[in-house]
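Let's work through a few exercises together. Have a look at the model below, then follow each solution step by step.

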Amino acid sequence: MIFSISCTGDSGTVTDNITVNAAAFGISLADSIEVSSGATATLSAEITGTVPSSPVYQWSCTGGSLSDSSILNPVYTAPALTSDRQYVCNLTVRDGNVAVVSKKINISVKPVPQNVAELEKQIAEIKALIESLQKQLAALAGLPATGAGSAKYSCTQLTKYLVYNTQNDPEVKCLQEFLIAQGFSGVTATGNYHAATRDAVKAFQEKYTAEILAPYGLTYGSGNVGNDTRRKINALIAAGQ
């Protein structure tokens, strides 16, 4: 859009034009969402109006983490908290004409009730005890162990981003089979991505810090299987480990 501005004074009239790059698009995004501590949620944004031919997306958040800050719909992972907290994520979209549109979403993070977290911990401990007893019984009976190194995977590789709270997913089951084979206790191959699986993934990421975390300046695992974690797991599966 071109605007013409004229100013008249004692010496006459001066006219100039100003070009304004008005965006022909907008952002549709919920005003707020609620996420449990340590859980994930997809930030579902949509472009309205005339979709830019070469859009550039940029997310920023005051807390928590994103699977990818440069895509339209990233997965948000809430931080682990013991009390309610409020965070804000902002999406900025730019097009080739330098038009810019921004929209924010308020994220309310609620802590997991302590009794639920404690119950999950107890279940993980019981499963680890059962696994240990099964190994001891197998050794006494002269049978091959069913622990690390002998598991049969139900997939040849992981192909997608895997996150906490995913339910009934074949790739989550394959991930769990791999973690069991690597010797991480408390994990069962159910296809449900619960706390025991998340903790095992964190431990795996920290075991291979140099390859998975260090390139990003991190020292603690997220518990979600992103690109670098998946690449390392697939390499070990391919090597028969």
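**Exercise 1.** Find which element gives the largest share of the lining of the second largest pocket.

*Solution.* Helix H5 does, with three residues. H5 spans 227-238, and S8 and S9 also give two or more residues to this lining. Helices (H or I, at least four residues) and strands (E, at least two) are DSSP runs, numbered from the N terminus. A pocket is an open set of points on a 1 Å grid over the protein atoms alone, where a 1.4 Å probe fits, with protein on both sides within 12 Å along at least five of seven lines; lining residues have an atom within 4 Å of a point.

Before going on, note that this is a predicted model, where local features need pLDDT of at least 70, side-chain atom pairs count only at pLDDT 80 or more, and totals for chains, interfaces and linings use all residues. Residues are numbered from 1 along each chain as its sequence is written, and side-chain values use heavy atoms, with hydrogens and water left out.

**Exercise 2.** Name the residues nearest the centre of the second largest pocket.

*Solution.* Among 23 lining residues, they are Leu66, Ser67, Tyr161, Gly226 and Asn227.

**Exercise 3.** Work out how S8 fits into its sheet.

*Solution.* First, the open sheet has three strands in the order S5-S9-S8, with antiparallel pairing. Strands S5 (40-42) and S8 (65-66) are at the edges with a single partner strand each, so one side of each has no neighbour in the sheet. Next, S8 pairs with S9 (residues 75-77) over two bridges; pairing requires that DSSP finds at least two. Finally, Leu66 stands opposite Tyr76 in S9.
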